[in-house]
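Hi,

Here is the structure I promised to pass on to you. Have a look at it first, then read my notes below.

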Amino acid sequence: MSSSTHLYSRLLLTGAAGGLGRVLRPRLKPRCDVLRVSDLGQLGDAAAGEEVMSAALQDRAAVLHLLEGVDAVVHLGGISTEQPFDDIVQANIIGAYNLYEAARQHGTRRIVLASSNHVTGFYRQDEVVDPTMPVRPDGYYGISKAFGENLARFYFDRYGIETVCLRIGSSFPEPKDRRMLATWLSYDDLERLVWASLNSPVVGFSVIYGMSDNHHVWWDNTPAKHVGFKPQDSSEPFRAALESQQLKLDLQDPAVIYQGGGFVKAGPF
Ligand code: NAI
Ligand code: 15L
């Protein structure tokens with residue numbers, strides 16, 4: 001615990017060079033004493049109050065070093081789309097194990113884990129899913145995120161490391177298609193979600209869907225109310241334009257039937 005007014009002394013942000021990492025990097029910095037940013041990609045120079053450390057998640061020694069002195073982690077790093085299994089194993093499965101093992105060894109208290117809606121992508125779009133329902137991954141990527149959630153559950157049950165698993169929907173500047181009218185998470189709501197997950201006094205092991213306050217949704221976050229996430233944006237202002245771009249839907253298309261959209265058909269590679 002920091003002696004300053006911040007909840008966390010040193011916060012680690014992995015995947016800091018990625019799409020969401022670049023959004024969260026400047027927004028997390030004011031909320032901790034030191035923000036350590038990490039990725040395989042280009043991170044630029046350290047700003048005031050930042051530490052820059054490159055690391056490949058599958059490199060156990062590098063990840064052990066990365067977690068030194070870290071109170072909490074926002075773990076965004078890894079492969080973020082459906083890809084060949086061998087690549088996913090390295091970044092998302094071995095990488096997640098290395099992260100939790102390093103967190104255990106260094107006494108890290110809390111991890112905010114970027115999971116994905118693709119953990120439950122094979123539920124239909126006419127079903128409502130809550131975080132207590134069985135997983136139905138829609139590919140190897142979704143399977144790797146389900147593994148991450150199980151790992152988090154185990155490290156909480158055995159070692160008391162708290163995790164909030166964020167089953168992020170679609171976090172982009174704007175929703176891009178009809179599916180994203182349900183799944184969209186604005187960047188401001190992403191920040192609210194991550195901060196609620198870090199700031200909530202007790203989270204234990206929690207799973208929550210990351211979506212804005214959209215009108216028509218497939219996910220029910222009631223079991224995760226304790227996280228205290230209150231989205232303030234909505235996809236509704238984008239509805240008319242998106243629906244006019246996609247007037248007809250092929251109701252036999254698995255990408256239209258299932259929540260995971262195109263991910264349910266991705267590959268083989
Ligand atoms: P991204 O692909 O833009 O960023 C991921 C970052 O992880 C990249 O900068 C990449 O260099 C880094 N990375 C990949 N493999 C690595 C490895 N082996 N070692 C170290 N770093 C590695 O993805 P984005 O969109 O920023 O997503 C961030 C996280 O949120 C990901 O875990 C993704 O699965 C998850 N997510 C994102 C969603 C979205 O709508 N953007 C939706 C659901 C989940
Ligand atoms: C994800 O998990 C991906 O990381 C992101 O790029 C989007 O495709 C998102 O899911 C989605 O389902 O829209």
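Searching the whole structure turned up one cavity of 30 Å³ or more. Keep in mind that this is a predicted model. The largest cavity holds about 100 Å³ of space.

So what lines the largest cavity? You'll want to click on H75, G77, A91, N92, G95, A96, L113, A114, S115, S144, K145 and G148. Three elements each give two or more residues to that lining: α3, β5 (110-114) and α4 (140-159). Of these, α3 gives the most, with four residues. If you sort the lining by class, you get four nonpolar, seven polar and one charged residues.

Now for the surface. F85, Y140 and I143 make up a nonpolar patch there, and together they have about 280 Å² of accessible area. F85 also takes you back to α3, since that helix covers residues 85-106 and F85 is part of it. Is F85 buried, partly exposed or exposed? It counts as partly exposed, because its relative accessibility is 37% and the partly exposed class sits between under 20% (buried) and over 50% (exposed).

One more residue to find: L64, in helix α2 (residues 60-66). L64 is partly exposed too, with a relative accessible area of 32%. Try picking its C-alpha atom along with that of V203: the two residues are 139 apart along the chain, and those atoms are separated by 24 Å.

Have fun with it!

Note on methods:
Residues are numbered from 1 along each chain as its sequence is written. Chains are lettered from A and ligands numbered from 1 in the order in which they are written. This is a predicted model: local features need pLDDT of at least 70, side-chain atom pairs count only at pLDDT 80 or more; totals for chains, interfaces and linings use all residues. Side-chain values use heavy atoms; hydrogens and water are left out. Patches are made of residues with over 30% relative accessible area and no salt bridge: like charges are joined within 9 Å, nonpolar side chains (Val, Leu, Ile, Met, Phe, Trp, Tyr) within 5 Å. Accessible areas come from the Shrake-Rupley method with a 1.4 Å probe; for residues, only the protein chains shown count as cover. A salt bridge is a side-chain nitrogen of Lys or Arg within 4 Å of a carboxyl oxygen of Asp or Glu. Buried means under 20% relative accessible area, exposed over 50%, partly exposed in between (1.4 Å probe, protein chains only). On a 1 Å grid over the protein atoms alone, a cavity is a set of points where a 1.4 Å probe fits but cannot get out, and a pocket is an open set with protein on both sides within 12 Å along at least five of seven lines; lining residues have an atom within 4 Å of a point. Grid points are joined across faces, edges and corners, and a volume is the space filled by probe spheres set on the points. Ala, Val, Leu, Ile, Met, Phe, Trp, Tyr, Cys and Pro count as nonpolar, Asp, Glu, Lys and Arg as charged, and the others, Gly among them, as polar.
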